[in-house]
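Hi,

Here is the structure I said I'd pass on to you. Have a look at it first, then read my notes underneath.

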Amino acid sequence: MPQLIFTFPDQAALAANMHLSIGQWEWRQFPDGESYVRVLSEVRSEEAIILCSLNNPDPKTMPLLFLARTLKEMGAGKITLVAPYLGYMRQDKRFHDGEAVTSDIFASILSPFIDALITIDPHLHRHHALEEIYRCECKALSAASLMAEWIKTNRSKALIIGPDMESEQWVSQVAQTVDSPYVILEKIRHGDRNVEITIPDVAKYQGYQPVLVDDIISTAGTMIKAAGLLRQQGLADITCLATHGLFAADAYSQLQKAGVKAIVTANTIPHESNGLDVAAMVVGALC
Ligand code: R5P
């Protein structure tokens with residue numbers, strides 16, 4: 001099936017690296033704030049790929065739904081949403097009475113509009129597979145191989161560190177590929193910006209280059225706290241490697257001020273820290 005890719009404006013750089021035929025569309029806001037969406041390309045039986053990273057998801061969701069439904073109405077044979085970062089995955093449980101379980105609700109909103117979903121390192125914690133909440137064909141890719149490649153090229157004697165139990169899924173894979181030791185820290189989250197981390201004895205790793213590996217940097221509280229604890233045990237030259245750099249508010253400058261040597265993220269969300277290109281991996285998953 002021929003493919004056309006319709007890209008949200010903030011993903012233009014990633015789309016260019018994917019070298020697919022570009023579908024033209026227009027999205028603007030009416031004076032009252034509602035979204036206007038118009039598909040300008042001719043669409044027949046093509047697979048229409050929508051490239052939309054769902055960081056800051058609220059303003060993007062309505063135009064995404066309008067675009068997907070319009071493409072279908074114009075005859076697209078298959079609607080594939082490529083959301084390199086899939087938002088609303090972390091509230092996957094009712095932690096307190098009355099809370100909305102937004103991972104499930106968001107999935108039930110998107111699912112009727114798309115035939116397939118491709119994403120990278122979705123935050124699967126209490127849900128073990130996207131199919132548990134998304135009612136469409138799902139592919140969850142991982143940036144672990146790109147992280148491993150980056151470490152092999154840039155760090156000669158790495159110690160891979162996961163800041164919490166959830167990170168072990170990436171950390172163990174990365175450590176195995178680069179043939180380095182890894183340690184997992186213990187984290188308790190007390191609030192959006194308040195995390196408590198316990199570190200095992202890592203003093204025996206003097207001389208190693210510590211690389212913190214996680215799926216998401218949001219407030220950077222996790223990375224800042226973990227880096228501080230590593231430094232207290234004499235480990236220096238710390239690298240922070242993450243798939244998705246959300247960098248809420250001043251998180252990036254706070255992390256830079258925390259004295260880490262390098263901060264590297266994938267281009268799932270455009271940011272100056274992008275050093276891992278997911279384009280080839282996504283194109284491979286589209287075949
Ligand atoms: C949480 O479980 C994730 O894997 C990340 O560790 C977390 O989202 C990082 O958030 P923050 O940067 O706000 O500490």
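First, something to try for yourself: is Y205 buried or exposed? Keep in mind that this is a predicted model.

Y205 is buried, because its relative accessibility is 12% and the cut-off for buried is under 20%. You'll find Y205 in the loop between β11 (194-198) and β12. Leaving aside neighbours within four places in sequence, Y205 is in contact with L159, P181, V183 and L235. If you want a feel for distances, try Y205 and P9: they are 196 residues apart in sequence, and their C-alpha atoms are 44 Å apart in space.

Now for the ligand. The space it takes up is the largest pocket. Which elements give two or more residues to the shell around the ligand? They are β10, β12 (209-217) and α6 (221-232). The largest share comes from β12, which gives four residues.

There are 15 residues around the ligand, and the ones that come nearest are E166, D214, D215, T219 and T222. Three side chains are worth zooming in on:

- E166: an N or O atom in its side chain is 2.5 Å from an oxygen atom of the ligand.
- D214: here the distance between a side-chain N or O atom and a ligand oxygen is 2.6 Å.
- T219: a side-chain N or O atom is again 2.6 Å from an oxygen atom of the ligand.

How much of the ligand's accessible area does the protein cover? On its own the ligand has 380 Å² of accessible area, and the protein covers 95% of that.

T222 deserves a bit more of your time. It sits in helix α6, and it counts as buried because its relative accessible area is 9%, with the limit for buried at under 20%. Beyond its neighbours within four places in sequence, T222 is in contact with P163, K187, R189, V195, I197 and D214. So D214 turns up again here, as a contact of T222.

From T222 you can hop over to K187, which is in strand β10 (residues 186-191). Which side chains does the side chain of K187 make polar contacts with? One is the side chain of D164, at 2.9 Å, and another is the side chain of T222, at 3.0 Å. If you leave out residues up to four places away in sequence, K187 touches P163, D164, V195, E196, I197 and T222. K187 is partly exposed, because its relative accessibility is 23% and that class runs between 20% and 50%. For another distance to check, K187 and A107 are 80 residues apart in sequence and 27 Å apart in space, C-alpha to C-alpha.

Last stop: the loop between β13 (239-245) and α7 (251-257), where you'll find F247. A249 is in the loop between β13 and α7 too. Phi of F247 is near 45°, which is a positive value in a residue other than glycine. A249 also has a positive phi without being glycine, and its value is near 50°. Which of the two is buried, and which is exposed? F247 is buried, with a relative accessible area of 8%, whereas A249 is exposed, at 72%.

Happy exploring!

Notes:
Residues numbered from 1 in each chain as written. Predicted model: local features only at pLDDT ≥ 70, side-chain atom pairs only at ≥ 80, totals over all residues. Heavy atoms only, no water. Buried < 20%, exposed > 50% of the residue type's maximum accessible area, 1.4 Å probe, protein only. Contact = heavy atoms within 4.5 Å. Polar contact = N/O pair within 3.5 Å; in protein donor to acceptor, adjacent residues only side chain to side chain. Near = heavy atom within 4 Å. Areas by Shrake-Rupley, 256 points an atom, 1.4 Å probe, with all protein chains shown as cover. 1 Å grid on protein atoms, 1.4 Å probe; cavity = no way out; pocket = protein on both sides within 12 Å on 5 of 7 lines; lining within 4 Å. Sits in = over half its atoms within 2 Å of the grid points.
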